[in-house]
Amino acid sequence: MMSDLQKDTDEHGDRRRAQRFVVNLPTDVLIKGARVTCRLVDISEGGALIETSGPVAVGDKVSLDLPKVGPTIATVVRVSPSHIAMAFPGAIIISSIVR
């Protein structure tokens, strides 16, 4: 049986233009002024998926502390009970993160 997250990823995969890299790294995200510990699941030049729960809604702006890059502003594009998908306003250089 396919999980909701896998199904969601499959359904939205054709809209993504940049390759995603699985990274599984601990980090933090700033949601409405509160720092929340999370796990960076995957990342691309245009967005990221984190594993966490928080008081967040689609369209909210958050600041994701990207390892070796630093705080990066993103817009929440999808929320599930355990994950938050976000898009960056422009392409970011992810080579230092995915090494």
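Strands here are DSSP runs of E at least two residues long, numbered from the N terminus, and two of them pair if DSSP finds at least two bridges between them. This is a predicted model in which local features need pLDDT of at least 70 and side-chain atom pairs count only at pLDDT 80 or more, while totals for chains, interfaces and linings use all residues. Residues are numbered from 1 along each chain as its sequence is written, and side-chain values use heavy atoms, with hydrogens and water left out.

**View 1. Six strands close into a barrel.** Going round, the order is β1-β2-β3-β6-β5-β4, with antiparallel pairing. On average, neighbouring strands of this sheet are turned by 45° against each other, direction ignored (axes are lines fitted to C-alpha atoms, and angles run from 0 to 180 degrees between N-to-C directions).

**View 2. Strand β4 sits between β1 and β5 in the barrel order.** Two bridges join β1 (residues 21-31) to β4 (residues 61-66), and these strands run antiparallel. Here Val29 stands opposite Leu64 of β4. On the β5 side there are six bridges, again antiparallel, and Leu64 stands opposite Thr72. The β4-β5 hairpin has three residues between its strands, and Lys68 takes a positive phi near 65°.

**View 3. The largest nonpolar core holds 21 residues.** Such a core is a set of buried Ala, Val, Leu, Ile, Met, Phe, Trp, Tyr and Cys residues joined through side-chain atoms within 4.5 Å; buried means under 20% relative accessible area, exposed over 50%, partly exposed in between (1.4 Å probe, protein chains only). Leu40, Ile43 and Leu64 touch the most other members. β2 gives the largest share, four residues. Leaving out residues up to four places away in sequence, Ile43 touches Phe21, Leu66, Phe88 and Ile92, among others (contact means heavy atoms within 4.5 Å).

**View 4. Thr52 lies in the loop between β3 and β4.** Is Thr52 buried or exposed? Thr52 is buried, at a relative accessible area of 10%. A polar atom of its side chain lies 3.3 Å from the backbone oxygen of Thr37. Beyond residues up to four places away in sequence, the contacts of Thr52 include Val36, Cys38, Pro81 and His83.

**View 5. Confidence drops below 50 over residues 1-14.** pLDDT is the predictor's confidence in each residue, from 0 to 100. The protein averages 85, and 83% of the residues score at least 70. Beyond near neighbours in sequence, the 1-14 stretch has seven contacts in the model.

How values were computed
Polar contact = N/O pair within 3.5 Å; in protein donor to acceptor, adjacent residues only side chain to side chain.
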